[in-house]
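I opened my notebook to look up a few things in a structure. My plan is to go from the whole chain down to single residues.

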Amino acid sequence: MRILALAILAIGTVSIGPAAAQMYDPAYPVCLYVYKGANYYECRYTSLPQCNASASGRGAGCVINPYFAGTRVHPGRPYRRVY
């Protein structure tokens with residue numbers, strides 16, 4: 001019985017595979033994609049001009065973060081326009 005349980009556990013562990021890391025940070029709207037050397041994303045920028053200044057002269061480019069959480073309205077009170 002122990003061998004069967006260990007076999008099922010081993011098969012389950014092997015079949016899961018490696019977990020993929022999240023490439024985009026949802027806290028920032030703009031990411032720097034570095035493609036020269038190691039490929040990676042740096043999501044630390046609040047605007048495209050700020051990111052472009054950092055990408056200048058490097059093998060990199062700026063992309064809009066598709067997972068940006070954005071600003072949120074507080075759930076306690078609905079938005080109401082004042083006339």
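My entries follow, one topic at a time.

**Before starting.** I note that this is a predicted model, where local features need pLDDT of at least 70, side-chain atom pairs count only at pLDDT 80 or more, and totals for chains, interfaces and linings use all residues. Residues are numbered from 1 along each chain as its sequence is written, and side-chain values use heavy atoms, with hydrogens and water left out.

**Whole chain.** I looked up the elements and found 2 helices and 3 strands. Helices (H or I, at least four residues) and strands (E, at least two) are DSSP runs, numbered from the N terminus. Their order from the N terminus is α-β-β-α-β. I then checked burial: of the 83 residues, 16% are buried. Buried means under 20% relative accessible area, exposed means over 50%, and partly exposed lies in between (1.4 Å probe, protein chains only). The chain exposes about 7200 Å², and carbon and sulfur atoms supply 61% of that. Such areas come from the Shrake-Rupley method with a 1.4 Å probe; for residues, only the protein chains shown count as cover. For contacts (heavy atoms within 4.5 Å), I took residues at least 6 apart in sequence. Of these contacts, 42% join residues at least 24 apart.

**The sheet.** In what order do the strands of the open sheet stand? I read E2-E1-E3, with antiparallel pairing. Two strands pair if DSSP finds at least two bridges between them. E2 and E3 are at the edges with a single partner strand each, so one side of each has no neighbour in the sheet. From one strand to the next, the twist averages 30°. Axes are lines fitted to C-alpha atoms, for helices over the stretch in contact, and angles run from 0 to 180 degrees between N-to-C directions.

**Strand E1.** I went to residues 30–34 next. Strand E1 has 4 of its 5 residues buried, so the rest of the structure largely encloses it. With E2 (residues 40–45), E1 shares 4 bridges. Across that pairing, valine 30 faces tyrosine 45, and leucine 32 faces glutamate 42. The hairpin of E1 and E2 has 5 residues between the strands, and glycine 37 there takes a positive phi near 85°. With E3 (residues 60–64), E1 shares 5 bridges. One of my lookups there was tyrosine 33, whose bridge partner in E3 is glycine 61.

**The nonpolar core.** Which residues make up the largest nonpolar core? I list Val30, Leu32, Val34, Tyr45, Cys51, Ala55 and Ala60, 7 residues in all. A nonpolar core is a set of buried Ala, Val, Leu, Ile, Met, Phe, Trp, Tyr and Cys residues joined through side-chain atoms within 4.5 Å. E1 and helix H2 (48–55) are the elements that give two or more residues. E1 gives the largest share, 3 residues. Helix H2 lies across E1, E2 and E3, and runs at about 165° to E3. I also checked tyrosine 45. Leaving out residues up to four places away in sequence, tyrosine 45 touches Tyr28, Pro29, Val30, Leu32, Gln50, Cys51 and Ser54.

**Aromatic rings.** I counted 2 aromatic pairs. Tyrosine 33 and tyrosine 35 are a tilted pair, 6.0 Å centre to centre with 40° between the planes. The centres of tyrosine 33 and tyrosine 41 are 4.7 Å apart and their planes stand at 35°, so this pair is tilted. Rings of Phe, Tyr and Trp (its six-membered ring) pair if their centres lie within 6.5 Å; planes under 30 degrees apart count as stacked, over 60 as edge-to-face, and the rest as tilted. Tyr33, Tyr35 and Tyr41 form one aromatic cluster. I looked up their exposure too. Tyrosine 33 is partly exposed at 24% relative accessibility. Tyrosine 41 is partly exposed at 25%, and tyrosine 35 is partly exposed at 47%.

**Arginine 44.** Is arginine 44 in strand E2 buried or exposed? I found it exposed, because its relative accessible area is 58%. Beyond its neighbours within four places in sequence, arginine 44 is in contact with Tyr28 and Val30. Arginine 44 and tyrosine 28 are 16 residues apart along the chain, and 5.8 Å separates their C-alpha atoms.
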